[in-house]
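Q: I've got a model open and want to learn how to read it feature by feature. Can you walk me through it?

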Amino acid sequence: MGRRAPASSDIGDCFLTRIVTPRDILALTADDPRSISIRLNDFTWKGGRFVFADEADARAVAAALQDHDRNREAA
């Protein structure tokens, strides 16, 4: 099974929650040591900026979602 990460974002007074896989990612950047920004290949939700409790958590999620081109080739 491939790598996946849960993502939750607030939209008004509601929350959008989904599972994100490396195939969903168009761009992933590290804004600072505790956050990442992702842009998704999905017209219903374009992604967002996610802040984590510590650097290790941010790095772990970024690592799980990176290299989507390599993962596509392996599939």
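Q: Let's start with one residue. In which strand is Ser-35 found?
A: Keep in mind that this is a predicted model. Ser-35 is found in strand β4.

Q: And how do I place that strand in the protein as a whole: how many helices and strands are there?
A: Begin with the inventory, then read the order. The protein has 2 helices and 5 strands, and along the sequence they follow the pattern β-β-β-β-β-α-α.

Q: Which strands form the open sheet, and in what order?
A: The general idea first: strands of a sheet pair through backbone hydrogen bonds, either parallel or antiparallel. Here, 3 strands make an open sheet in the order β3-β4-β5, and the pairing is antiparallel. β3 (25-32) and β5 (47-51) stand at the edges with a single partner strand each, so one side of each has no neighbour in the sheet. From one strand to the next, the twist averages 15 degrees.

Q: How many bridges hold the pairing of β3 and β4, and how many residues join them?
A: β3 pairs with β4 (residues 35-40) over 5 bridges, in the antiparallel sense. The link from β3 to β4 is a hairpin through 2 residues. You can follow the register by picking out partners: Thr-29 has Ser-37 in β4 as its bridge partner, and Ala-27 has Arg-39 in β4.

Q: Leu-26 is in that region too. Is Leu-26 buried, partly exposed or exposed?
A: For this you look at relative accessible area. Leu-26, in strand β3, is partly exposed because its value of 41% falls between the 20% and 50% cut-offs. Its C-alpha atom is 7.5 Å from that of Ile-38, and the two residues are 12 apart in sequence.

Q: Back to Ser-35. Is Ser-35 buried or exposed?
A: Ser-35 is buried, with a relative accessible area of 1%. Next, list what Ser-35 touches beyond four places in sequence: Thr-29, Ala-30, Arg-49, Phe-50, Val-51, Phe-52 and Ala-58. The side chain of Ser-35 also makes a polar contact with the side chain of Arg-49, at 3.4 Å.

Q: There's another serine in β4. What does Ser-37 touch?
A: Ser-37 lies in β4 and is buried, with a relative accessible area of 17%. Leaving out residues up to four places away in sequence, Ser-37 touches Ala-27, Leu-28, Thr-29, Asp-31, Gly-48 and Arg-49. Thr-29 in that list is also the residue whose bridge partner is Ser-37.

Q: What lies across β3 and β4?
A: When a helix packs on strands, check which ones it crosses and at what angle. Helix α1 (residues 55-65) lies across β3 and β4, and runs at about 25 degrees to β4.

Q: Now the core. How many residues are in the largest nonpolar core, and which have the most contacts inside it?
A: In soluble globular proteins, nonpolar side chains tend to be buried together. The largest nonpolar core in this model has 13 residues, and Val-20, Ile-25, Ile-36, Ile-38, Leu-40, Trp-45 and Phe-50 have the most contacts inside it. β1 (5-11), β4 and α1 each supply at least two residues of this core.

Q: Take one of those. What is Leu-40 in contact with?
A: Setting aside neighbours within four places in sequence, Leu-40 contacts Arg-18, Val-20, Asp-24, Ile-25, Leu-26, Trp-45, Lys-46 and Gly-47.

Q: How many aromatic pairs does a search of the whole structure find?
A: It finds 1 aromatic pair. For a pair, you read the ring-centre distance and the angle between planes: Trp-45 and Phe-50 are edge-to-face, 6.2 Å centre to centre with 85 degrees between the planes. Trp-45 counts as buried at 8% relative accessibility, and Phe-50 counts as buried at 13%.

Q: Finally, how do I spot links across long stretches of chain? Where is Pro-22, for instance?
A: Compare separation in sequence with separation in space. Pro-22 is in the loop between β2 (14-20) and β3, and counts as buried at 5% relative accessibility. The C-alpha atoms of Pro-22 and Ala-64 are 7.4 Å apart, while the residues are 42 apart along the chain. Across the protein, among contacts between residues at least 6 apart in sequence, 32% join residues at least 24 apart.

Technical notes:
Residues numbered from 1 in each chain as written. Predicted model: local features only at pLDDT ≥ 70, side-chain atom pairs only at ≥ 80, totals over all residues. Heavy atoms only, no water. Pairing = 2+ DSSP bridges. Helix = DSSP H or I, 4+ residues; strand = E, 2+ residues; numbered from the N terminus. Axes fitted to C-alpha atoms, helices over the stretch in contact; angles between N-to-C directions. Contact = heavy atoms within 4.5 Å. Core = buried A, V, L, I, M, F, W, Y, C linked by side-chain atoms within 4.5 Å. Buried < 20%, exposed > 50% of the residue type's maximum accessible area, 1.4 Å probe, protein only. Phe/Tyr/Trp six-rings, centres within 6.5 Å; stacked < 30°, edge-to-face > 60°. Polar contact = N/O pair within 3.5 Å; in protein donor to acceptor, adjacent residues only side chain to side chain.
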